[in-house]
Amino acid sequence: MNRDTARALLDFYAEAGVDVVIGELPVNRFAAADAPLSRAVLPAAMPASPENRPNPTLFVAPLAPDAAVMAAREAAKSARSLDELRTILEKFDGCALKATASRLVFADGNPEAKLMFVGEAPGRDEDIEGLPFVGRSGKLLDRMLAAIGLDRTSVYIANIVPWRPPGNRTPTPQESQICLPFILRQIELADPDILVCLGGPSAQTLLGIRDGITKIRGRWFTFDSGRREIRALPTFHPAFLLRSPLQKRFAWRDFLAIKKALDQR
Ligand code: URA
């Protein structure tokens, strides 16, 4: 392939959101998906040079989805503290996203805070820094917090999925289900008084709601953390507000409601 063709192909990939190389040889994922309970080999660990090229037959699938969800439940349940949960997640190989992400994005802020925010999944900036909401949408979240007198010392922030999906694509329902036991345990251990779901996927996953975010934002729900019932509020995701600034007035209302709820405790 000549240089121009190769460049055009790379441009095409980049536009399609393909921004990581996870291997040098094709892998038949359909065949791999049938492999029972095998552990994932991290493609990031693949040697790059042709002479070191691994034998593709050595590539085994991540845990089958049901087994991965069960393994995640067991692993999450065993965590007695947030630090333990982080360590367990670092070692968990049941979610294929771990293979393409640079690092785990566990949480930011104050784990003792009474207010917890949960987003969807880390993006590129978060993947680089290992902290949630540090990119453009994170900066907007910081400004929204400042508007009600809060900052990252007074809130705790995490995501449903703690590894960046390649190209910032939406996590698949399967990936979210595999990661769900971990964020549920994280909420239980952090034990906030108020939970804010940032965006539809977070609200739908945590509150088991099917309605879209426009319909449910600003409405209080009850979230059973396993320890107790806490108040939960879905609001727009900051990334959506960056694309649709006119919706900020609704988010502002939601943040005032959050402040009021905090003051009333
Ligand atoms: N969007 C999210 O949902 N989470 C992040 O951490 C960053 C962007």
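Is S202 buried or exposed? S202 counts as buried because its relative accessibility is 0%; buried means under 20% relative accessible area, exposed over 50%, and partly exposed in between, with a 1.4 Å probe and protein chains only.

The model shown is predicted: local features need pLDDT of at least 70, side-chain atom pairs count only at pLDDT 80 or more, and totals for chains, interfaces and linings use all residues. Residues are numbered from 1 along each chain as its sequence is written, and side-chain values use heavy atoms, with hydrogens and water left out.

The chain has 12 helices and six strands. Helices (H or I, at least four residues) and strands (E, at least two) are DSSP runs, numbered from the N terminus. Of its 265 residues, 45% count as buried. The accessible surface of the chain is about 14,300 Å², and 54% of this belongs to carbon and sulfur atoms; such areas come from the Shrake-Rupley method with a 1.4 Å probe, and for residues only the protein chains shown count as cover. Among the contacts in the chain with a separation of 6 or more, 70% are between residues 24 or more positions apart. Contact means heavy atoms within 4.5 Å.

S202 can now be placed in this outline. The residue sits in helix α9, which covers residues 200-207. Leaving aside residues up to four places away in sequence, S202 touches V118, G119, I160, C197 and L207. With V118 there is also a polar contact: the side chain of S202 reaches the backbone oxygen of V118 at 2.8 Å. A polar contact is a pair of N or O atoms within 3.5 Å; within protein, one must be able to donate a hydrogen and the other to accept it, and residues adjacent in sequence count only if both atoms are side-chain atoms.

G119, one of the residues that S202 touches, is also among those around the ligand. The ligand is surrounded by G119, E120, A121, P122, E126, P132, F133, S137, N159 and H237, where a residue is near a molecule or strand if one of its heavy atoms lies within 4 Å of it. Oxygen atoms of the ligand take part in several polar contacts. A backbone N or O atom of E120 lies 2.8 Å from a ligand oxygen, and a polar backbone atom of F133 is 2.9 Å from a ligand oxygen. From H237 the contact is made by a polar side-chain atom, 2.8 Å from an oxygen atom of the ligand. Taken alone the ligand exposes 240 Å², and the protein buries 92% of that.

Charged side chains come next. The structure holds 14 salt bridges, a salt bridge being a side-chain nitrogen of Lys or Arg within 4 Å of a carboxyl oxygen of Asp or Glu. E74 and K77 form one of them, with their closest N and O atoms 3.5 Å apart. These two residues are separated by about one helical turn because they are three residues apart in helix α3 (residues 65-77). Both are exposed. D263 and K259 also form a salt bridge, with the closest N and O atoms 3.5 Å apart. They lie four residues apart in helix α12 (residues 248-264), about one turn of the helix. D263 counts as exposed because its relative accessibility is 55%, whereas K259, at 32%, counts as partly exposed.

In another salt bridge, the side chains of E175 and R169 meet at 2.8 Å, N to O. E175 has a relative accessible area of 10%, so it is buried. R169 is partly exposed, with 34% relative accessibility.

A network of salt bridges links D191, D193, R227, R228 and R265. D191 lies in the loop between α8 and β4 (194-198) and is buried, at 18% relative accessibility. Its phi is near 50°, a positive value in a residue other than glycine. N168 likewise has a positive phi, near 60°, and is not glycine. This residue is in the loop between β3 (156-159) and α8 (173-190), and its relative accessible area of 45% makes it partly exposed.

The last stop is a nonpolar surface patch formed by M1, L9, L10, F12, Y13 and V18, with about 650 Å² of accessible area together. Patches are made of residues with over 30% relative accessible area and no salt bridge: like charges are joined within 9 Å, nonpolar side chains (Val, Leu, Ile, Met, Phe, Trp, Tyr) within 5 Å. M1 is in the segment before α1 (3-15) and counts as exposed, at 74% relative accessibility.
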